[in-house]
Amino acid sequence: MLLQLSAEFDLQSDVVPWLLAQGPAAALDTFEKSAATLYVVNVERNGKIIYTWKGSGSTCIGLYDPLNKQNEHLYTFEKDLHIISCSINNEKTLLAVSFLQSTKEERVNQLLQPVSKCLTLLIEIHPVNNVRVLKAVDTCIRVQFLYPATNRNPFPESHLLLISEDKYIEQFHIHVVTEDHHKVVIQNSGQLPRDRVADDLIWAQWDMTEQRLFYIVPKESRNILKCIQFYPDENFNLILEASLDISLRDIGLKFVNFGYDYSQEQEMEPRSLNLQVFTSKTGSFCLCCSQAPDIPKEVTYSVSFLHKGYSKTFTVALQRTDYPQVKEAAFLNLDYYVAVYLPGHFLHLLNTQHPDLMCYNLFLTGEDARISMLHQSSIQSLFKSAVWDCCSGRMFTVRINESSLMQFLWNSKLDSDRLAALHCALLHVRSTTDLEMQIIQWISENLSVCSTFDPLQEFIIASLYWAMCPETSKLDKLLPYTSLLYWNGIIPGVTCITDIISLPELKVQNCKGFWEKLNLNLECAKYAEPHLHYNNNVLRREWYKLLSEEKAEERRTTTYLRNIFENAKKVLSNLAAWNLEERLVPLFQEEDYQQRLLIGLMVAQLKDHLMRHLQYVGKMKIDQIVLEYVSKLLDLICRIMEAVWRKYSLQACVLCLDERGSAAECAAFHIMSRILEAANGMCMPLPPDLDNTEKNEKLKFSIFTRLPEAIGHKVSQLWNHPVNSNFIARNSVKLLLDKLRNRQHNRPVGDRLSVHVEFLPLNYLVDMLAEVEDQGLNPFEEEDNVNAKFVEETALKHTMMLLGL
């Protein structure tokens, strides 16, 4: 089971024992009667849970505080009522209740005393005192108090929303005063002041955490989604409008997250529409929609990624026909993911931050998709990572089970499943240090299994992305999160249609918090976000150009190169400060010109990229971001190597290769070669490896002797060592003399020697080689910068070494 639930509240265990202990006046008639009369009616922003139960001819309301695990009796009606909505203010001084006064049959018998169907009351409860009627109508009313910011002191005025089935919403302002040092009463003697918040709505959803109201109004041939943000100072603003392309005809009127009315659930039509809005701290804004299927063997649902400007509609062919059919799929808010759950059939996790590639979606069936302890239907996701099972009266926190996720990763047979699980796991590495080692373990054993992506590349890029992006706003738009440009894979049994939709329009400027991040997402969507992400194409070209200039001895200006190598020095110094202990793997010992050049270039180009797009961030901050990014890149590769060394129980210099390597050494060497391949593919720097101590020289020579000749020749050009130079010079002379055979040539000219040496055999050889080069026979010069001068200098150095000079 990928999703793990933790019980936070259960009516049967947290409330029933307390009720039974209250005695006959407050307790239930019988314990068995609890299932029918005890139910939750609302959950407030502070997590407190309002519930109701029936006593002996009475209807009671109670409050459960999850922080101190205590229950509190709020109010009792001395008659049998059907409560449909209830809310308590933050200070616990006012209680708003909406209830049905009688059934339809009872109203027929009350012809002489006609009464309204629904009565909405405002009750003083500190202590219980006056009761004020807010509404007496024949349509149902729902109530919801607004809550202040958590860090504010209680304020003397409370604000109450009334949501009517007559398709309007009002806000009442209630000023309270304290009398007799403890009694809190409503100050307004006459009618309470109120504002009209919305009209003509056909759907509404309350976001209790952020105090937002989402609602939909029909307009000509389209439906308009609107959002109102409420503030602690009693003000509210229409802050967003979005034109919707979905059809909402014949859905009736539906309210989401305004409490729970169990009788409405029983009367709900089988073709009811499930429509929910989910937002996240990253600025994601999703509209999820599903409806009971027309065809028994398939289900269709859609997710509109309003912050991206497109929607995805999924149609799933159901594999099981023996499972009871539910009314609709449930949606859960998991912050970075939206979960679509159809009990007994599937669990679909959609990445809300990067929904463009299907490979980031986890689609599970069977035991992996099961969520234990959840009822078949009536599931509400009140806020992030929380589930309310309305029928059973239980609340849970929900999270992705990392152990089950890794097990799914190990057992996956499809690349799409592997890639989605890998990225999901990397998202959770920040909270679990051991998880990274588990991922590296999987990668080390599955390098050859994935045919459509390189797991090392995805691991490196995604790890850096999640390590850096929480620190600075907009970094998630500028740093790469994948090595893939597109994905052609499909999810078996699932079809997906992508449609372009209109971007929402923000009505308020200079927003903060979520709205600021949403606005940033919308701006990026307008300007083709993928093109904003940093890529290494320019870096690769510049690196190759500098290496070519180095070979041709046409170096750039001293200042340019000095700045580049100064960048590299800062990165390596920063990395050394992180790791004061000696590493198990012998790294960072050599002055590696090529890698230092690449490190410095990457710092310079990434800095330029961020400076173009983070103009509000200071230069020092950007310098620090880039330094951290490149340092973490090198450190990540080191951690991979360290994990491989530990996995195979290798010592620092175990790969001496004086004899046939063990299976562990071969496996480690294979992973090292794949790391090199992954880094080359992304043009990312590697940590400088071994220096030229006697032990490490043996290791390098033994590696050269085991490489195929063509590869060995190319690799040898990268190692600046006297013995290697001697080998290159000898090979050059041999090839040149072979080409010279049977070819006529003139006697060499004396001034061709770069250095006059009183050693005639060497003078003659060098002149001969220079003559051959003049005839265009040098097979090395263009590619490897090997010429007669190089041979001459190498021969002299080698001779001096042999003579001990």
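Is N71 buried or exposed? In this predicted model N71 is buried, its relative accessible area being 16%. (Buried means under 20% relative accessible area, exposed over 50% and partly exposed in between, with a 1.4 Å probe and protein chains only.) Before the views, a word on ground rules: residues are numbered from 1 along each chain as its sequence is written, and side-chain values use heavy atoms, with hydrogens and water left out. Since we're looking at a prediction, local features need pLDDT of at least 70 and side-chain atom pairs count only at pLDDT 80 or more, while totals for chains, interfaces and linings use all residues.

**View 1. The whole chain, for orientation.** The chain holds 22 helices and 32 strands. (Both are DSSP runs numbered from the N terminus: helices are H or I with at least four residues, strands are E with at least two.) Of the 805 residues, 53% are buried. Take the contacts with a separation of 6 or more: 58% of them are between residues 24 or more positions apart. (Contact here means heavy atoms within 4.5 Å.) Accessible surface adds up to about 38600 Å², and carbon and sulfur atoms own 51% of that. (Areas come from the Shrake-Rupley method with a 1.4 Å probe; for residues, only the protein chains shown count as cover.)

**View 2. N71 and its polar partners.** N71 sits in strand β5 (residues 70-77). Its side chain has a polar atom 2.8 Å from the backbone oxygen of D14, and a polar contact of 2.7 Å links it to the side chain of Y51. (A polar contact is a pair of N or O atoms within 3.5 Å; within protein, one must be able to donate a hydrogen and the other to accept it, and residues adjacent in sequence count only if both atoms are side-chain atoms.) Leaving out residues up to four places away in sequence, N71 touches D14, V15, W18, Y51, L63 and Y64.

**View 3. The largest nonpolar core.** This core takes in 134 residues, and L362 and I439 have the most contacts inside it. Helix α15 (residues 619-647) is the biggest giver, with 15 residues. (A nonpolar core is a set of buried Ala, Val, Leu, Ile, Met, Phe, Trp, Tyr and Cys residues joined through side-chain atoms within 4.5 Å.) Apart from it lies another core, of 39 residues, including L63, L94, L160 and I186. In soluble globular proteins, nonpolar side chains tend to be buried together.

**View 4. Helix α8 and what it packs on.** In α8, the buried residues are L435, E436, I439, I440, W442, I443 and S444. They pack against α6 (402-411), α7 (415-427), α9 (455-468), α15 and α16 (663-682). Zoom in on I439 and, residues up to four places away in sequence aside, you'll find it touching M406, L422, A425, L426, V429 and F459. D434 belongs to α8 (residues 433-445) too, but D434 is partly exposed, at 45% relative accessible area. The side chain of D434 makes a polar contact of 2.8 Å with the side chain of Q438.

**View 5. Strand β21 between its two partners.** Strand β21 (residues 285-291) is largely enclosed by the rest of the structure, because six of its seven residues are buried. On one hand, β21 pairs antiparallel with β20 (residues 273-279) over seven bridges; on the other, β21 pairs antiparallel with β22 (residues 298-305) over five. (Two strands pair if DSSP finds at least two bridges between them.) C286 of β21 stands opposite F278, and its bridge partner in β22 is F305. The hairpin of β20 and β21 has five residues between the strands, among them G283 with a positive phi near 90°. The hairpin of β21 and β22 has six residues in between.

**View 6. T352, tucked into a loop.** T352 lies in the loop between β26 (346-351) and β27 (362-365). At 2% relative accessibility, T352 counts as buried. Beyond its neighbours within four places in sequence, T352 is in contact with S284, C286, F305, H307, D335, Y336, Y337 and V338.

**View 7. Where the confidence dips.** Mean pLDDT for the chain is 82, and 76% of residues reach 70 or more. (pLDDT is the predictor's confidence in each residue, from 0 to 100.) Confidence is highest in strand β10 (residues 141-145), at a mean of 96, and lowest in helix α21 (residues 781-784), at 46. Residues 744-753 have pLDDT below 50, with 17 contacts in the model beyond near neighbours in sequence.
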